[in-house]
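The exercises below ask you to read local features from a structure, one step at a time. Work through each task with the sequence and the coordinates at hand before you turn to its solution.

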Amino acid sequence: MTMRILWPNMPTDYRQVAREAIGDGFEAEFCGGADEVTDEQWANADAVVGQSPPAECVAKLRRCRIFVKSAVGYDEVNLELYGRMGIAVCNTPDYGTREVADHAIALMMTLTKGIAFHDESLRADPRGNWRPALNPFGRRMSACTFGVVGIGRIGTAAARRAKAFDMDVVFYDPYQPSGYELALGLRRVDTLAELMSQCDIVSIHTPLNAETRNLIGRDAFAAAKRGMIVINTARGGIIDLDALHDAMKDGTVLAAGLDVLPDEPANLNSPLIAAWHRNEEWIRHRLVLTPHSAFFTPESMRDARAFSARTAARYLREGRLENCVNRSFLAVRS
């Protein structure tokens, strides 16, 4: 019997990419949204690939052995539910690594080199604001310490880029084994407070979970080096925005570059976001926002579809389980 792989929400442009990635021996079924999937397709899919379907659709799965999310983050996926059903859940951590690391450095450079500041100032007054030395955040990169919170794939890529600017790079990650810092040629600290106290720029690269939610909050900012810059291209919930608001208001944090927010699109009821949106004098030029776009390039979108499809096919064909994130919940389906 031919095994069936279901994409409930696959854009037309990427369907051939997925077909080529799975190879022969599978029936590929594509839909434009979960509401287009029939009960028969849910019941007879051997694998589901894409974004996590609604719970009522997951309940219709009868034969499914694996769900692969075509993205890195999986904080919204009910891992326990899939595990109880005997369905392995896998993410796609090997797409977008370079793009997100590039974006973190781009946010840093936008602030430290005054890119957005100068552009806006010149638009307001092209002659009067032609002042090269007017750069409130100007930094020599090689004189700065760059801190990485979470030294996984993307954090490592960001650290390597910072090293190329001759920055002193330090990381905090209690889950990496001893000696990892030696392999990378970086410094390591044992606590988040130690990292915050010595860094001019801190870039966040952890997953979002119960341990990391609001990790960068009041305690972290209380330990921070005054005048630091915060960059977040990971998950919005890792930073407590109210704490960041207060830290920016009192000058602890000079500036921030955020690609991700706890609420997306941006919640204008958040004091920090409201002040940014009103362009209040105290925050003007100090907060740069991008719309969770760090991962996006045409190449990364193709990679996400191809790599996730390949993960599903390898498991069904060879029993090779890669990037599984719910092993602790997996039960044997009868």
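**Exercise 1. A proline and its peptide bond**

Locate Pro265 relative to the neighbouring strand and helix, and state the form of the peptide bond from Glu264 to Pro265.

Solution. In this predicted model, Pro265 sits in the loop that runs between strand E11 (253-258) and helix H12 (271-277). The next step is to look at omega for the bond from Glu264 to Pro265, which is near 0 degrees, and the bond is accordingly cis. As background, most peptide bonds are trans.

**Exercise 2. Two asparagines with positive phi**

For Asn214 and Asn323, give the sign of phi, the place of each residue in the chain, and its exposure class.

Solution. Begin with Asn214, whose phi is near 60 degrees, a positive value in a residue other than glycine. Asn214 belongs to the loop between strand E9 (201-204) and helix H10 (218-222). Because its relative accessibility is 42%, Asn214 counts as partly exposed, the class that lies between under 20% and over 50%.

Continue with Asn323, which is not a glycine and yet has a positive phi of about 60 degrees. Asn323 is placed in the segment that follows helix H13 (298-318), and its relative accessibility is 26%, so Asn323 too counts as partly exposed. For context, most residues other than glycine have a negative phi.

**Exercise 3. A histidine in a helix**

Decide whether His103 is buried or exposed, and list its contacts beyond its neighbours within four places in sequence.

Solution. The element comes first: His103 is part of helix H5 (residues 97-112). Its relative accessible area is 16%, and because buried means under 20%, His103 is buried. Once the neighbours within four places in sequence are left aside, His103 is in contact with Thr233, Asp259, Thr290, Ser293 and Ala294.

**Exercise 4. The lining of a pocket**

Describe the second largest pocket by its volume, by the residues that line it, and by the elements that supply them.

Solution. The second largest pocket holds about 220 Å³ of space. Its lining consists of 14 residues, and those that lie nearest its centre are Ala116, Glu120, Trp276, His285 and Leu287. Helix H6 (115-124) and strand E12 (287-289) each supply at least two residues of this lining, with the largest share, five residues, coming from H6. Sorted by class, the lining has seven nonpolar, two polar and five charged residues.

Technical notes:
Residues numbered from 1 in each chain as written. Predicted model: local features only at pLDDT ≥ 70, side-chain atom pairs only at ≥ 80, totals over all residues. Heavy atoms only, no water. Helix = DSSP H or I, 4+ residues; strand = E, 2+ residues; numbered from the N terminus. Buried < 20%, exposed > 50% of the residue type's maximum accessible area, 1.4 Å probe, protein only. Contact = heavy atoms within 4.5 Å. 1 Å grid on protein atoms, 1.4 Å probe; cavity = no way out; pocket = protein on both sides within 12 Å on 5 of 7 lines; lining within 4 Å. Points joined across faces, edges and corners; volume = space filled by probe spheres on them. Nonpolar A, V, L, I, M, F, W, Y, C, P; charged D, E, K, R; others polar.
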